[in-house]
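The following exercises concern a ligand site and a helix packing. Each task is followed by a solution in steps.

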Amino acid sequence: MRAGSSNTAALEALSLLAPIDVTVRRYTELDTLPAFNPDLERGALPEPVTRLRSLIGRADAIVISSPEYARGMAGALKNMLDWLVGALEFPDKPVALITTSQRAEYAPGQLKLVLTTMSARVVEEACITLPLLGKTLSAAEIAGDDEFAAPLRTVVALLVSAVG
Ligand SMILES: Cc1cc2nc3c(=O)[nH]c(=O)nc-3n(C[C@H](O)[C@H](O)[C@H](O)COP(=O)(O)O)c2cc1C
């Protein structure tokens, strides 16, 4: 959600690098989701949750890029995942993880644990770290540098093959 986020830039770079027959749609509504509360799942779902679940339902695969905060995944991301625990649309989706900080030691492992608990299909070889910490690169600059572009292309290719 941060303006100038390296995670956003990495996701946009992936979108620039994806082949023409792969549509990448970035979810930009994390901050519209209410705090997860199971009581709210009993009646009509909050509109942002319905939209999220519908987007997930239409996606063949998911790419997550998250900062590490206080040795954990970003709280807003965990909140989004909590809203997907009870979603029929989520299980078995191939998921790739991008980490843009070479210092992040805890969040990637936590994310994998949460995602496998939710029956996602984490594609291990598509979980990568891009050493972007300390560089303020735009999406185009990331996509134009083979050190970053090559692994991002591989992530897309692995997800495409995981979709089958
Ligand atoms: C409140 C706060 C806590 C952070 N805690 C950690 C941490 O525990 N481990 C780490 O590697 N980086 C930590 N960071 C650094 C961020 O993970 C890093 O700057 C990240 O690349 C930011 O992603 P962004 O560019 O997408 O905003 C922290 C940053 C903030 C603002």
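A polar contact is a pair of N or O atoms within 3.5 Å. The model examined here is predicted.

**Exercise 1.** Determine which side-chain and backbone atoms of S5, E68 and A104 approach the oxygen atoms of the ligand.

*Solution.* Begin with the side chain of S5, where an N or O atom lies 2.5 Å from an oxygen atom of the ligand. Next, take the backbone: E68 places an N or O atom 2.7 Å from a ligand oxygen, and a polar backbone atom of A104 is 3.5 Å from an oxygen atom of the ligand. Finally, consider burial: the ligand taken alone exposes 640 Å², of which the protein buries 66%.

**Exercise 2.** Describe the shell of residues around the ligand by proximity, origin and class.

*Solution.* There are 13 residues around the ligand, and R2, S5, N7, E68 and R71 come nearest. As to origin, at least two residues of the shell are supplied by helix 1 (6-17), and at least two by strand 2 (68-69). By class, the shell comprises five nonpolar, four polar and four charged residues.

**Exercise 3.** Classify the packing of helix 2 against helix 3 and identify the residues in contact.

*Solution.* The axes of helix 2 (residues 47-58) and helix 3 (residues 75-84) are 10 Å apart and form an angle of about 75°. Angles of 65 to 115 degrees count as roughly perpendicular, so helix 2 is roughly perpendicular to helix 3. Helix 2 contributes V49, L52, R53 and I56 to the contact, while helix 3 contributes M80, W83 and L84. By class, this contact has six nonpolar residues, one charged residue and no polar ones.

Terms used: Residues are numbered from 1 along each chain as its sequence is written. This is a predicted model: local features need pLDDT of at least 70, side-chain atom pairs count only at pLDDT 80 or more; totals for chains, interfaces and linings use all residues. Side-chain values use heavy atoms; hydrogens and water are left out. Axes are lines fitted to C-alpha atoms, for helices over the stretch in contact, and angles run from 0 to 180 degrees between N-to-C directions. Helices (H or I, at least four residues) and strands (E, at least two) are DSSP runs, numbered from the N terminus. Angles under 35 degrees count as roughly parallel, over 145 as roughly antiparallel, 65 to 115 as roughly perpendicular and the rest as oblique. Contact means heavy atoms within 4.5 Å. Ala, Val, Leu, Ile, Met, Phe, Trp, Tyr, Cys and Pro count as nonpolar, Asp, Glu, Lys and Arg as charged, and the others, Gly among them, as polar. A residue is near a molecule or strand if one of its heavy atoms lies within 4 Å of it. A polar contact is a pair of N or O atoms within 3.5 Å; within protein, one must be able to donate a hydrogen and the other to accept it, and residues adjacent in sequence count only if both atoms are side-chain atoms. Accessible areas come from the Shrake-Rupley method with a 1.4 Å probe; for residues, only the protein chains shown count as cover.
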